[in-house]
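Biologist: I have the sequence and the coordinates open. Can we go through them by question and answer?

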Amino acid sequence: MSRRTQENVIAGLLVALFAVYLLMTLNLGPNARLVPVPIALLGLGFLLVQIVNQNRSDGREFQLDLLASLTAGVASNDRDGDGDGDGEVSGDSNPGDTPAAFSRELQAAGFLAAFIGLILLLGPIAAVFLFTSGYFIVTRHFAPLKAVTVAGLCTLALYLLFAVGLRLQMYHGVLAPFFEPG
Amino acid sequence: MFEAIVAGLAALATPQAVLFMLIGVSYGLVIGILPGLGGIVALALLLPFTYGHELAATLALLLGAHIATIWGGSVTSILFKVPGAAKSLALVFDGHPMTRQGHAARALGASAMAALLGGLMGAVFLAFTIPIVRPVMLALGPSEYLMMALWGLTIIATFSEGSLLKGLVATCLGIMVAFVGMDPVSGTPRFWFGNVYLLDGISFPVAMIGLFAVAEMMTLYVKGGAMVDRVSGEQRSTVLDGVKDTFRHWGLVLRSSLLGLWVGVLPGVGASVGGIAAYAQAAQTSRTPERFGKGAVEGVIAPDATLGANEGGGLMPTLAFGIPGGESMAILLVAFLAMGIVPGPRMLTSELDLVFSMVWIVVIANLLTALIGLAISSRLARLPALNPNVMIPLVLSVCLLGAFATRGLIEDVVVAAAFGVIGYLMNKYRYSRANFVIGMVLAEMIERNLHISLGLYGEFFLFTRPITAAMLAFIVVTTVLPFVRRYRRSRAAAAGDGT
């Protein structure tokens, strides 16, 4: 999928989001929708212009930078030039534009989903131990025994910090009732 | 007054006060460094420990912890692009690029020193300006606060790297997310899909953990390699360089501190706005603004000086009028009341020694934080060079536990992960995450003050409130100016091509 198509898919999803949001505001009272309606309309408007912009034949985006304006363009030219201008921070290289990167994106999302799943099933502390040790083993960063040891120490540190130090009432997961005695 | 200054210091010279101060600062640094757990959480967790101790010692514990969390939050912004709290967001813009270039120690040194100088100015301000600022404070109403929030939105152009339109879309998205939950004015549930969890709204720290920390770990995994592309531990500058930078830019420190004081004094504006505004003014007044966003040390100094000074400014209305300058100050106010300290004019007369105790606490806590910060900066600076296979699971674990810890709700963990994916996509497709956060921060302030202004001053309040009208004119000028200059530049360029 080309970059432009990806951008259009994202913009399309956002248009749908803004439209649904706008429809939902119609059910609200006049006070409750006083600000959300104009914001949704503005967002929709900006997005439509952005879609037109990004599909123009020259592919040039409408760029404006307060810094550039204040410095008569010096900043803009420089900031556009290199990818590391993390003004927000969005300027990093664009990961995920190659098939290999897309595969890694899916893996990253998979890791995250697995971690969340473990937390929901077993609670944060057990999940941290299983996830970290599993991650160390899967990536072969540590030998299995060392991976389990390092993960155990990290989990212990986090347990002491959050559960003991901060006296956080831990969640034990949806599987907790199955492990309770009696 | 001199007696009060001495008495205020003497009250802190007890073993318990010294111990509590050390505990507070150390605890605050740890909490500040943990993503999502900022000063509010730190103070809330300390509240149960505030009974049965010396008054000055308890204040040292609370204020010491609160002040130390500020620098703690800056550390993660600089090293990992993970703002420890909303107020530390601006540190990401230049702090993290410095880390990537091997100047993490310098950035941390500058950050600690700027926070110290800002904090000292805040303390001095707190001591001497209550009678001066009071009339100014009272002259501003909700319509002026609304204008300030709108001004905050207009400065997002500074952060709209690449497409301004995408930046504006991101801002609208942030505002929309902030509207999930109960409408603060009418109490109407909005966008909650029948889910009780959403009635409380999306937690700000949780969203930030996802948008920045989780997303960053995903990016790190996809990209491969360490967060900092350099040999582990190799630093191109030292902590001392950062300290020198701060003194070299003394004018910037002074301006940023004054801004922080002003933001702190204004109730409800919050340090988040202050940090962003400080960054914007640093960029606008710099002779070399093209370096901003790429690792300019001024981009670190300005927000930290503002955040440091903000505390003194925030304490002033809290003590003098019982009006908290922000969320942390609201918790402090609760603690004050629990300790029998009743804010009001009496604080400036019969309780003046207590006020000066707080001034001294702000001074000492800032000094201690800076000393500890400078001492550990060079070690902290090596962290981003850790192997990603170690970094990713550990940072994810801390972040998701931090998300859970913010409210003790397991749903927050899921929301943090969801925002992680959103943050990753925003980063990939260049929808500014900073704009999203700014929108989220300012949404409630805009809505609340708009409703109050309409209620108090009617539909035409823009024209009946001269200060509001002047502020609106300022906003319009600063918003339109970039467009005009861009137009002129393009015309000049076209004319140049034609000849």
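Biologist: Between which two elements of chain B does F191(B) lie?

Modeller: Keep in mind that this is a predicted model. F191(B) is not a glycine, yet its phi is positive, at about 50°. Most residues other than glycine have a negative phi. The residue sits in a loop of chain B, between β2 (189-190) and α10 (196-199).

Biologist: Is F191(B) buried or partly exposed?

Modeller: Count the other C-beta atoms within 10 Å of F191(B): there are 19. Buried would take 20 or more. So F191(B) is partly exposed.

Biologist: Which residue of the loop between α6 and α7 of chain A has a positive phi?

Modeller: The phi in question is near 55°, and the residue is not a glycine. With 10 other C-beta atoms within 10 Å, the residue counts as exposed, because the limit for that is 12 or fewer. The residue in that loop is R140(A).

Biologist: How are α6(A) and α7(A) oriented to each other?

Modeller: Helix α6 covers residues 124-138 of chain A and helix α7 covers residues 144-165. Their axes come within 8 Å and cross at roughly 150°. Angles over 145 degrees count as roughly antiparallel. Therefore α6(A) and α7(A) are roughly antiparallel.

Biologist: Which residues of α6(A) make the contact with α7(A)?

Modeller: The crossing of α6(A) past α7(A) is right-handed. On the α7(A) side, the contact includes P144(A), A147(A), G152(A) and Y159(A). On the α6(A) side, the residues are I125(A), V128(A), F129(A), T132(A), S133(A), F136(A) and I137(A).

Biologist: Which helix of chain B helps cover the buried residues of α1(A)?

Modeller: The buried residues of α1(A) are A11(A), L14(A), F18(A), Y21(A) and T25(A). Their cover includes α2 (36-54) of chain A. From chain B, the cover includes α9 (164-178).

Biologist: How far apart are the end C-alpha atoms of helix α1 of chain A?

Modeller: This helix runs over residues 3-25, which is 23 residues. At 1.5 Å a residue, the expected span is 33 Å. The model agrees, with the end C-alpha atoms 33 Å apart.

Biologist: What span should helix α2 of chain B have?

Modeller: Residues 15-33 form this helix, 19 residues in total. Its buried residues include A17(B), F20(B), M21(B), G24(B) and I33(B). The end C-alpha atoms of the helix are 27 Å apart, in agreement with the expected value. At 1.5 Å a residue, that expected span is 27 Å.

Biologist: What percentage of the residues in chain B is buried?

Modeller: Take chain A as background: it has eight helices and zero strands, and 34% of its 182 residues count as buried. Chain B has 22 helices and two strands. Of its 499 residues, the buried part is 61%.

Biologist: What share of the contacts in chain B with a separation of 6 or more joins residues 24 or more positions apart?

Modeller: In chain A, among contacts between residues at least 6 apart, 40% join residues at least 24 apart. In chain B, the corresponding value is 80%.

Biologist: Which residues have the most contacts inside the largest nonpolar core?

Modeller: That core has 197 residues. Beyond its neighbours within four places in sequence, A416(B) touches V206(B), I209(B), G210(B), V214(B), C399(B), L400(B) and A403(B). The residues with the most contacts inside the core are A60(B), V214(B) and A416(B).

Methods
Residues numbered from 1 in each chain as written. Chains lettered and ligands numbered in written order. Predicted model: local features only at pLDDT ≥ 70, side-chain atom pairs only at ≥ 80, totals over all residues. Helix = DSSP H or I, 4+ residues; strand = E, 2+ residues; numbered from the N terminus. Contact = placed C-beta atoms within 7 Å. Core = buried A, V, L, I, M, F, W, Y, C linked by C-beta atoms within 7 Å. Expected span 1.5 Å × (residues − 1). Axes fitted to C-alpha atoms, helices over the stretch in contact; angles between N-to-C directions. Parallel < 35°, antiparallel > 145°, perpendicular 65-115°, else oblique. Left-handed = near helix turned anticlockwise from the far one by under 90°.
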